Every structure is written in C-alpha cells, then in structure tokens.
Amino acid sequence: MNILIINSGSSSIKYQLLEMPSAKIICLGSIERIGSKEAISSYKTDHVKIEKIYEIKDHKAGLKRITSLLLDSEKGVIKSTDDIDAIGHRVVHGGSSYTKTTLINEEVKNKIKNLSPLAPLHNPANLEGILMAEEIFDTSKQFVVFDTAFHGTIPVKAKQYAIPGELYKEKGIQAYGFHGTSHKYVSEKAIEYLKLKKSKLISIHLGNGCSITAIKDGKSLDHSMGFAPSNGLVMGTRSGDIDHSIIFYMVDTLGYSIDDVKELLNKQSGMLGLTGYNDLRDIESEASKGNNECIIALEMNAYRIKKYIGAYTAIMNGLDAIIFTAGIGENSSLMRQLVCKDMNYFNIHLDDAKNDLRSSTIREINTENSKVNILVIPTNEELEIAKQVYNLIA
Ligand code: ADP
C-alpha cells in the first residue's frame, strides 16, 4: 500500500511516499519558501536527486509541483494519482477532541479550522494542505494525525493552568502538548530497545522547536510546551518559559505593541535572540572560538533541559532512560554532554567516547554503571504517521 505523508507548514510542504507495511521510502522531498520567487523544491528517490528553484506562489502550486514530480515519466514513481492509496496529513493542533488518527471528513476539517486561533502559524497551513490534496488525489483516503494526540493522557493536574476554572472548562485554555508524533515514536523505540515492561522515560526533542516529555508506561504524563508550541525549553527563535509579567511590562512601560511582543517571543528570541545565530552549528562554532554570548546561550539551553529532567524524574518517582532526538538531539554531542554533566545524583552517567560517535541508528551512550540509560534515537515522524494510517486501514 502506498501512503503519502504531507506535512504542510506556513511556508513549506514536506512529503514522503512510503510503501507499507515494509516502510520502504519510495521518494521524499520538500518545497520551501512557498510564496517567494525563489522557492526551493527538492525531490529524492533511490535513483534521482533533484533540487531546483522556482517561483511557487502558494500551497496549491506547491502540491501541483510535487504531483508532477511523482508522475514524471522519467523521474517519477507513480503512473497515476490513483496509485496513492492513502494520505496522512500532519496537523499540529487537534485540541482535546482528537487523540487518535482520524479519517478526514467535513466535521474534522471544521474542527481544524476552528482550532486555528490556538495554532495560527500551523493549523491554517495544515488545512490548506488537506484541501489541496483532496482536490488532486481525489481517489485517495485522507487521514490526519495530530501533534497533540499523544498528549491526550496528560492528567488534569498537569494540564490545567491555575487561572479561573471556567477558562479551562468552557474556553479550552489548558496545556495541549506538541511534537507528539516524535515523542511517541522515539519512546516506543526505547521501550523496544531496552525491552522494558514498565517504563519511566524522558524524551527530549531538540530541533528548531524543542520540547521534553515525561512518559510513563508509554503514556505522556507531562510535557514542556503548553497551550501553544511556545512554552518550555529554549528554542531556535522561541523563548520558552518566561514570566508573563515581562509581556505586560513591555506593552505598558516600554511601548511595544502586543503584535511586536508576539513576534519577538516567537521569532526573535531563543538562541537567535541570545546570540544572533539560530543554527546550533554556528553557535557551537562561535563558542569554540570564545564567543561569550554563545557559551552562555549553550549553558542556558542545557540548564533548562536539566531542570525539566529533575522535575519529570520527581513526578514519575524514578527514571529508566532519557532519549535525545531531532536535529540537535541527534547531532550535537556538546549539547548532550552539557545536559548530562553533573547528574550523578540521578545516576545519569554519560560515556564521552560513545557520545562522540556518530550514527544514524539508535544508540546507547551511557557508561556501563549508569542506572539511567541515555539513548540517541533518530526521530521519524513520517514513518510514525504512515504506521498509524496503515494500522487504521488494515
Ligand atoms: P525542525 O524542527 O525544523 O524539524 P530539525 O529537527 O531538523 O528541525 O533540527 C534543526 C536544527 O538541528 C538546526 O537548526 C541545527 O541547529 C541542528 N543541527 C543539525 N545538525 C547539527 C549538528 N551536526 N550539530 C549541531 N546541531 C545540529
């Protein structure tokens, strides 16, 4: 069965076509900078690798471009759009209504639309991707997998904010949690790898967006992002945890508009705001040359992760393993080292030599005597979505 995964973002569409249940990747690619004259289209199969710059006006044009690559008589991988059996769409916010992979119908689309104010950067683009795919792949079944779904098990005491109760009960103000597909995928891999029957895990997803989840017996118990994907860890351009009085002070006293503050906290803060760079590779390279701002930013980033590890170990009353995943988690041995340093009280002991080894598969980087396993697990959100869609159909 051929399942196409579509991850439609505000200015990009990432896609992957998988043969299920073998999980063979038939092709993958992305269109980035949609809306610009210099959008980048990339496409890769076993035999072909193409990267080109085009003008791509909108998501519809982007998806048409992808379809023409898939159907291309020389470089393509399918003969007709009917060869796509199902499409799995990643949607960021499913509110509290959807905790499972769901077949798309009018009600689901309306719900995604109604949840747009809670994820303004993501849900409208996700919905656009669904509408376009329905038009182009009109014989394929369409499903949606929500980033929030895995966190449906977070108990009320962890997800409700200490503000008047009606805002939770009537207006849906609560912590929802994000990166759920990734946290689910890597935690299941860890349980399988460590052969655990009962498990207390902390999964640390460090990419452009960063989040951390306490996972007990396969269920999300608490998570660092909240109502929107902005709380918690220091991210590429997002501040993470911040005292809300700062927002009022900036508006009331410093003269910022509320839109300025929103922009500043989401797009100009985090590692970018601290250092002028948002790619961790640049920050590490600058730090190694003695750039003090970069050294401090790396320390702040690791310090925040450590605090969450402490908190989540406390709420689970124990810890079997911590998992590092996504761009930074999988690739930055320095960040892993800063996080795991001086954690012997928790019985977390990093093996520096193993930490420095690079690999694209699951690996254990703790010392022999470490009671807590430290794992690096490459995330694969597309495969997780394909698995969920396949299981639902099969
Ligand atoms: P996204 O959230 O966009 O999916 P990724 O998971 O791809 O992000 O992570 C992107 C980030 O990973 C980059 O911004 C970069 O900081 C970091 N990264 C990638 N490779 C390395 C590396 N070798 N060393 C340090 N950081 C890296």
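Two helices, α10 (280-288) and α12 (326-331), each put at least two residues into the shell around the ligand. Of the contributors, α12 gives the most, with four residues. Keep in mind that this is a predicted model. Away from the ligand there is a nonpolar surface patch of about 300 Å², and the whole structure holds 13 salt bridges.

**Around the ligand**

- The shell is made up of G207, N208, G209, D279, L280, R281, A326, G327, I328, N331 and S332.
- Sorted by class, that shell comes out as three nonpolar, six polar and two charged residues.
- L280 uses a backbone N or O atom, which sits 2.7 Å from an oxygen atom of the ligand.
- D279 works through its side chain instead, with an N or O atom 3.3 Å from a ligand oxygen.
- I328 also offers a backbone N or O atom, 3.4 Å from an oxygen atom of the ligand.
- On its own the ligand would expose 580 Å², and the protein buries 73% of that.

**A salt bridge within the shell**

- R281 and D279, both on the list of residues around the ligand, form a salt bridge with the closest N and O atoms 2.8 Å apart.
- R281 counts as exposed because its relative accessibility is 63%, over the 50% cut-off.
- D279 has 27% relative accessibility, so this residue counts as partly exposed.

**Salt bridges elsewhere**

- Salt bridges with shared partners link K184, E188, E384 and K387 into one network.
- D46 and K24 pair up through their side chains at 2.9 Å, N to O.
- D46 is in the loop between β4 (39-44) and β5 (49-54) while K24 is in strand β3 (residues 24-32), so their salt bridge ties together parts 22 residues apart in sequence.
- D46 is exposed at 59% relative accessibility, and K24 is partly exposed at 40%.
- D217 bridges to K198, with 3.5 Å between the closest N and O atoms.
- That pair ties together parts 19 residues apart in sequence, because D217 lies in the loop between β10 (210-216) and β11 (219-223) and K198 in the loop between α6 (180-194) and β9 (200-206).
- K198 is exposed at 64% relative accessibility, whereas D217 is partly exposed at 36%.

**The nonpolar patch**

- Y249, L254 and Y256 make up the surface patch of about 300 Å².
- Y256 sits in the loop between α7 (245-252) and α8 (258-267).
- With a relative accessible area of 31%, Y256 is partly exposed, and patch members need over 30%, so Y256 meets that cut-off.

Methods. Residues are numbered from 1 along each chain as its sequence is written. This is a predicted model: local features need pLDDT of at least 70, side-chain atom pairs count only at pLDDT 80 or more; totals for chains, interfaces and linings use all residues. Side-chain values use heavy atoms; hydrogens and water are left out. A residue is near a molecule or strand if one of its heavy atoms lies within 4 Å of it. A polar contact is a pair of N or O atoms within 3.5 Å; within protein, one must be able to donate a hydrogen and the other to accept it, and residues adjacent in sequence count only if both atoms are side-chain atoms. Accessible areas come from the Shrake-Rupley method with a 1.4 Å probe; for residues, only the protein chains shown count as cover. Ala, Val, Leu, Ile, Met, Phe, Trp, Tyr, Cys and Pro count as nonpolar, Asp, Glu, Lys and Arg as charged, and the others, Gly among them, as polar. Patches are made of residues with over 30% relative accessible area and no salt bridge: like charges are joined within 9 Å, nonpolar side chains (Val, Leu, Ile, Met, Phe, Trp, Tyr) within 5 Å. A salt bridge is a side-chain nitrogen of Lys or Arg within 4 Å of a carboxyl oxygen of Asp or Glu. Buried means under 20% relative accessible area, exposed over 50%, partly exposed in between (1.4 Å probe, protein chains only).
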